[in-house]
Amino acid sequence: MTLTLTEAEKILADNFAPWVLDLGLTVVETGERHAVLRLPWSGRLAREGGGLSGQALMAAADTATVIAVSAARGAFVPMTTVQQSTSFQRAVVGADVLLDARVTKLGKRMAFADITMTATGSDDPAARASAVYALLG
């Protein structure tokens, strides 16, 4: 039931607003209940002081969760974010970020996920998020 990388990339290309696509996210891995996406470093996404903006990380986490839920279901279905909570632990400067979204509970109408965001070259997370989605289809 797991999505292939090609299927996951197609979900990304076909279902997100142009400004989300402008983040340059790519799908690195999919599994039975998870997806890993890469957010490439861009100075355009940095805030004062050179750290990657929290807004970019939160949008990337939200997007990674859609791919993870799609992987868990075996296909994309319409869904919407009900809640997302993010804790920022350290700045990301000059590095890509890997977003590892893991579905912790998948029901008929709701999905829950935890997302870990880690700068490449680091073992320590830069941020963590939890998300709840309503499944509409």
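Asp14 and Lys10 form a salt bridge in this predicted model. Their closest N and O atoms are 2.5 Å apart. Why can these two side chains be linked to one helical turn? Asp14 and Lys10 both belong to helix 1, which covers residues 5-15, and because they are four residues apart there, about one helical turn separates them. Asp14 is partly exposed, because its relative accessibility is 49%.

How many salt bridges does the whole structure hold? A search finds three. The pair in helix 1, Asp14 with Lys10, is one of them.

Another joins Arg38 to Asp96 through their side chains. Here the distance from N to O is 3.2 Å. Arg38 sits in strand 2, residues 34-39, while Asp96 sits in the loop between strand 3 and strand 4 (97-106), so the bridge ties together parts that are 58 residues apart in sequence. Are these two residues buried or partly exposed? Arg38 has a relative accessibility of 28%, so it counts as partly exposed. Asp96 has 22%, and therefore it also counts as partly exposed. The cut-off matters for Asp96: buried means under 20% relative accessible area.

Arg102 and Asp100 make a salt bridge too. Their closest N and O atoms lie 2.8 Å from each other. Arg102 is partly exposed, at 38% relative accessibility. Asp100 is partly exposed as well, with a relative accessible area of 23%.

Now return to helix 1 and look at its packing. Two packed helices are described by the angle between their axes and by the distance between those axes. What are these values for helix 1 and helix 3? The angle is about 135°, and the axes are 10 Å apart. Helix 1 is therefore oblique to helix 3. The crossing of helix 1 past helix 3 is right-handed. Helix 3 itself runs over residues 54-73.

Stay with helix 3. Ala68 is found there. Ala68 counts as buried, because its relative accessibility is 0%. Which residue can be paired with Ala68 across 65 residues of chain? The partner is Leu3, and the C-alpha atoms of Ala68 and Leu3 are separated by 9.2 Å.

Ala61 also lies in helix 3. Its relative accessible area is 0%, so Ala61 is buried. Along the sequence, Ala61 and Ser130 are 69 residues apart. In space, their C-alpha atoms are 8.9 Å apart.

Next comes strand 3, which covers residues 79-88. Thr81 lies in this strand. Thr81 counts as partly exposed, because its relative accessibility is 33%. How far apart in space are Thr81 and Ala13? They are 18 Å apart, C-alpha to C-alpha, and 68 residues apart in sequence.

Val82 has its place in strand 3 as well. What does Val82 form on the surface with Met110 and Phe112? The three residues make a nonpolar patch. Together, Val82, Met110 and Phe112 have about 230 Å² of accessible area.

One more stop is Gly24. Where is Gly24 placed? Gly24 is in the loop between helix 2 (18-21) and strand 1 (26-30). At 30% relative accessibility, Gly24 counts as partly exposed. Gly24 and Leu39 are 15 residues apart along the chain. Their C-alpha atoms are separated by 6.4 Å.

To retrace the route, start at the salt bridge between Asp14 and Lys10. Then follow helix 1 to its right-handed crossing with helix 3. In helix 3, find Ala68, and then Ala61. Both are buried: Ala68 at 0% relative accessibility, and Ala61 with a relative accessible area of 0%. From there, move to Thr81 in strand 3, and on to the nonpolar surface patch of Val82, Met110 and Phe112.

Note on methods:
Residues numbered from 1 in each chain as written. Predicted model: local features only at pLDDT ≥ 70, side-chain atom pairs only at ≥ 80, totals over all residues. Heavy atoms only, no water. Patch = residues over 30% accessible without salt bridge, like charges linked within 9 Å, V, L, I, M, F, W, Y side chains within 5 Å. Areas by Shrake-Rupley, 256 points an atom, 1.4 Å probe, with all protein chains shown as cover. Salt bridge = Lys/Arg side-chain N within 4 Å of Asp/Glu carboxyl O. Buried < 20%, exposed > 50% of the residue type's maximum accessible area, 1.4 Å probe, protein only. Axes fitted to C-alpha atoms, helices over the stretch in contact; angles between N-to-C directions. Parallel < 35°, antiparallel > 145°, perpendicular 65-115°, else oblique. Left-handed = near helix turned anticlockwise from the far one by under 90°.
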